[in-house]
Amino acid sequence: VAITLSLVYTRPDRLRYLCDQDGVISSPPVAADGLVVLPNDAGVTPDLQTDIATAAQVAGVSGTPLRALIRAGIDGFGPIAAGGLTQAQARALFMSDDAAGAVLTNKQVLRAVCSITPRNGAGVPLGSIQWAVDVNVDGEGDPVIEVRSSVGEAAAAFLDIHLRHTHDL
Amino acid sequence: MGATPAISFQLVDATPYRLRYLCTTFGGGQLPVVLPNAGQATPDLRTDAASAAPGSGQNPMITVVSTAVVNQVEARKVLLGEQPVPGALTPAGARKLRAHCQITQRNPAAAALVNWDVDADEGANAGSAASAGFPVLVLDLSTNLEDGVTAYLDIFVADTYNR
């Protein structure tokens, strides 16, 4: 695995992961050298369902709004019916990417933003490793987070999945 | 007619506190690229701020992007929250609403990831005559060889609950 994810911070409205790029390029190079998918299967951490359950447990609450977004493909959410999401729906929920209200016509529906912040890599020239984050869906239509980086150097970054507050809508 | 801009902007989210644009590259296009503030068709800061479905009766984003500026220092103060002397009074007073901007790379497609830069300037100074007297955003790329490299540009009103 070229990029590993470790859950490093939880709140009911935020998950933060440390993303470690080991810098190794396979021979021949493969896409996985610069791509990791944060799954949504209730498996071992890192996993969206598992980790938001941890966040709720740590906070001493029974459920969190961010959990409802993570389970949107299973349970449905707001105007989105249960039964699997499209990538456009997943981006609307997790990237607040909803041009002209095409997916979430009700602007009051909760949504999240994903961001990525480079940390450091010993000896790595600043800017030599770039990071990106996107949202997609897995085979069951559950939202998953795709983290990409350029390759060839060891580096680290923080991935934040942050529920936006009603106040901000 | 000028060269095709290297970056296109699509407004994908607008609230009274946030504007989010999907930025997509056009390989070989002209850099840097200005996101105007002229009250014209989207993408345009004032137009897009006004399009937000209000969560309350207020829209501080309109207040921010409608702030008149005379130079880049003032534009950076308004849109990037850059105060050369922290806490110093500005000619218009210290407690004005400010914004912050942030770039998040999304999907590089088959392209290599690139550096995105975001800066602010006074409209005419940045090359947008229609935005004269108002702050605009100026985006640049470290390299621009491919189409379809994407990133999100966020403009937040600073000091709101969520930012």
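Me: What makes the largest nonpolar core of this predicted model a core, and which residues have the most contacts inside it?
Reply: A nonpolar core requires buried residues of nonpolar kinds, such as Leu, Ile, Phe and Trp, joined through side-chain atoms within 4.5 Å. The largest set that satisfies this rule has 41 residues. Those with the most contacts inside it are Leu66(A), Leu93(A), Phe94(A), Trp131(A), Ile145(A), Leu159(A) and Ile161(A). Strand β7(A) supplies the largest share of this core, 5 residues.

Me: Which residues does Ile161(A) touch, leaving aside its neighbours within four places in sequence?
Reply: A contact requires heavy atoms within 4.5 Å. Among the residues that meet this limit are Asp13(A), Arg14(A), Leu15(A), Leu48(A), Leu66(A), Phe94(A), Cys114(A) and Ile145(A). A second, separate core has 34 residues, including Phe9(B), Cys23(B), Cys101(B) and Val157(B).

Me: Why is the pair of Asp160(A) and Arg14(A) called a salt bridge?
Reply: The limit is 4 Å between a side-chain nitrogen of Lys or Arg and a carboxyl oxygen of Asp or Glu. The closest N and O atoms of Asp160(A) and Arg14(A) are 3.2 Å apart, and therefore the pair qualifies. This pair links distant parts of the chain: Asp160(A) lies in strand β7 and Arg14(A) in strand β2 of chain A, 146 residues apart.

Me: Is each partner, Asp160(A) and Arg14(A), to be called buried or partly exposed, and what makes it so?
Reply: Buried means under 20% relative accessible area, and exposed means over 50%. Asp160(A) has 3% and is therefore buried. Arg14(A) has 24%, which lies between the two limits, so Arg14(A) counts as partly exposed.

Me: Which other salt bridges are found, and how many does the structure hold over all chains?
Reply: The total over all chains is 11 salt bridges. One of them joins Asp75(A) to Arg71(A), with the closest N and O atoms 2.8 Å apart. Asp75(A), at 46% relative accessibility, is partly exposed. Another joins Glu146(A) to Arg148(A) at 3.2 Å, and both of these residues are buried. In addition, salt bridges that share partners join Arg14(A), Arg16(A) and Asp160(A) into one network.

Me: How do you know how many disulfides there are over all chains?
Reply: A disulfide is a covalent bond between the sulfur atoms of two cysteines. The rule asks for two cysteine sulfur atoms within 2.5 Å, and by it the count over all chains is 0. For Cys19(A), the nearest cysteine sulfur, that of Cys114(A), is 11 Å away, so Cys19(A) is in no disulfide. For Cys23(B), the closest cysteine sulfur is in Cys101(B) at 10 Å, which is too far for a bond. At 0% relative accessibility, Cys19(A) is buried; Cys23(B), likewise at 0%, is buried.

Me: How do you know whether the span of helix α1 of chain A agrees with its number of residues?
Reply: The expected span is 1.5 Å times one less than the number of residues. Helix α1 has 12 residues and should therefore span 16 Å. The end C-alpha atoms are 16 Å apart, which agrees.

Me: What is found at the start of α1(A), and what comes just after it?
Reply: At the start, a side-chain oxygen of Asp47(A) comes to within 3.0 Å of the backbone nitrogen of Gln49(A). Just after the helix, Gly60(A) has a positive phi of about 75°. The buried residues of α1(A) include Leu48(A), Ile52(A) and Ala55(A).

Me: What covers the buried residues of α3(B), and what is found at the start of this helix?
Reply: Ala75(B), Lys77(B), Val78(B), Leu79(B) and Leu80(B) are buried in helix α3 of chain B. What covers the buried residues includes α1, α2, β4, β5 and β6 of chain B. At the start of α3(B), a side-chain oxygen of Asn71(B) lies within 3.2 Å of the backbone nitrogen of Val73(B). Gly81(B), with a positive phi near 65°, follows the helix.

Me: What makes Leu22(B) buried, and which residues does Leu22(B) touch?
Reply: Leu22(B), in strand β2 of chain B, has a relative accessible area of 10%. This value is under the 20% limit, and therefore Leu22(B) is buried. Among the residues that Leu22(B) touches are Asp97(A), Phe9(B), Arg106(B) and Tyr152(B).

Notes. Residues are numbered from 1 along each chain as its sequence is written. Chains are lettered from A and ligands numbered from 1 in the order in which they are written. This is a predicted model: local features need pLDDT of at least 70, side-chain atom pairs count only at pLDDT 80 or more; totals for chains, interfaces and linings use all residues. Side-chain values use heavy atoms; hydrogens and water are left out. Helices (H or I, at least four residues) and strands (E, at least two) are DSSP runs, numbered from the N terminus. Buried means under 20% relative accessible area, exposed over 50%, partly exposed in between (1.4 Å probe, protein chains only). A polar contact is a pair of N or O atoms within 3.5 Å; within protein, one must be able to donate a hydrogen and the other to accept it, and residues adjacent in sequence count only if both atoms are side-chain atoms.
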